[in-house]
Amino acid sequence: MEKKKLSLIAFSGDYDKLTAVFTLATGAAAVGYEVNIFFTFWGLDAIKQKRGRAFIGSNWLTKLFGFMMGGLSVTPNSRFNFLGIGPKIFRYLMRKNNVATLEELVEAAGALGVNMYACEMAMHVLGIKKSDFIHEVQDVLGVATFLNISEGGQTLFI
């Protein structure tokens, strides 16, 4: 019997949407699925080594974008961001209800063997290098390669 497979395309850099990506990924990996996440554009924030705002990029414009995008610890909510307080409220409520925070889910994904890939094209546009990402990112891929990896399973775009 072929192993079940879930592939996720993480396009959003919003706290709530990234939480959904990593909740699905860790849940599926915990029950034996092969899980692949393809991070592109704003989704790349989830896998940056620098979790706060940092001037990463290859020129002044991409460095400015890198600073504005930030990293995992400064991701905004898609709704009810309240000038940046929204994700702090979510983290508080998650801890209070004994639910893993986004940061904990990212760590769990690595521990559970979730395959994490960065989008080559988005990295070129944003001036980001593989060395800017956490070590759990296995590779930098183009779309065609990710589609090959995803073949035969369920694919979700978040």
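**Thr101**

I looked up Thr101 and found it in the loop between H3 and H4. The model I am reading is a predicted one. Is Thr101 buried or exposed? I noted a relative accessibility of 1% for Thr101, so it counts as buried, the limit for that being under 20%. I then listed what Thr101 touches, leaving out residues up to four places away in sequence: Tyr15, Arg91, Met94 and Arg95.

**Helix H1**

Tyr15 led me to H1, since Tyr15 is among the buried residues of that helix. I wrote down the others: Leu18, Thr19, Val21, Phe22, Ala25, Thr26, Ala28 and Ala29. What covers the buried residues of H1? My list includes three strands, S1 (5-10), S2 (34-39) and S3 (115-119). The list also includes the helices H3 and H4, the latter made of residues 102-111.

I checked the length of H1 next. H1 has 16 residues, 15-30, and at 1.5 Å a residue they should span 22 Å. The end C-alpha atoms of H1 are 22 Å apart, so the expected span agrees with the model. Just after H1, I found Gly32 with a positive phi of about 95°.

**The largest pocket**

I turned to the empty space. Rolling a probe the size of a water molecule over the atoms shows where such space is left. For the largest pocket I noted a volume of about 230 Å³. Which residues of its lining are closest to the centre? They are Arg53, Met69, Val74, Thr75 and Pro76, out of 17 lining residues. Two elements give two or more residues to this lining, helix H2 (60-69) and helix H3 (86-96). H3 gives the most, with 3 residues. I sorted the lining by class and got 6 nonpolar, 6 polar and 5 charged residues.

**The whole chain**

I ended with the chain as a whole. How many helices and strands does the chain have? I counted 6 helices and 5 strands. From the N terminus on, I read their order as β-α-β-α-α-α-β-α-β-α-β.

I compared the radius of gyration with the rule for a compact globule. For 158 residues the rule gives a value near 15 Å, and the chain has 15 Å, so the two agree. The box filled by the C-alpha atoms, taken along the principal axes, is roughly 50 × 40 × 25 Å. Of the 158 residues, 44% count as buried. I also looked at contacts between residues at least 6 apart in sequence, and 66% of these join residues at least 24 apart.

Terms used:
Residues are numbered from 1 along each chain as its sequence is written. This is a predicted model: local features need pLDDT of at least 70, side-chain atom pairs count only at pLDDT 80 or more; totals for chains, interfaces and linings use all residues. Side-chain values use heavy atoms; hydrogens and water are left out. On a 1 Å grid over the protein atoms alone, a cavity is a set of points where a 1.4 Å probe fits but cannot get out, and a pocket is an open set with protein on both sides within 12 Å along at least five of seven lines; lining residues have an atom within 4 Å of a point. Grid points are joined across faces, edges and corners, and a volume is the space filled by probe spheres set on the points. Helices (H or I, at least four residues) and strands (E, at least two) are DSSP runs, numbered from the N terminus. Ala, Val, Leu, Ile, Met, Phe, Trp, Tyr, Cys and Pro count as nonpolar, Asp, Glu, Lys and Arg as charged, and the others, Gly among them, as polar. The expected span of a helix is 1.5 Å times one less than its number of residues. Buried means under 20% relative accessible area, exposed over 50%, partly exposed in between (1.4 Å probe, protein chains only). Contact means heavy atoms within 4.5 Å. The radius of gyration is taken over C-alpha atoms; the globule rule is 2.2 Å times the number of residues to the power 0.38.
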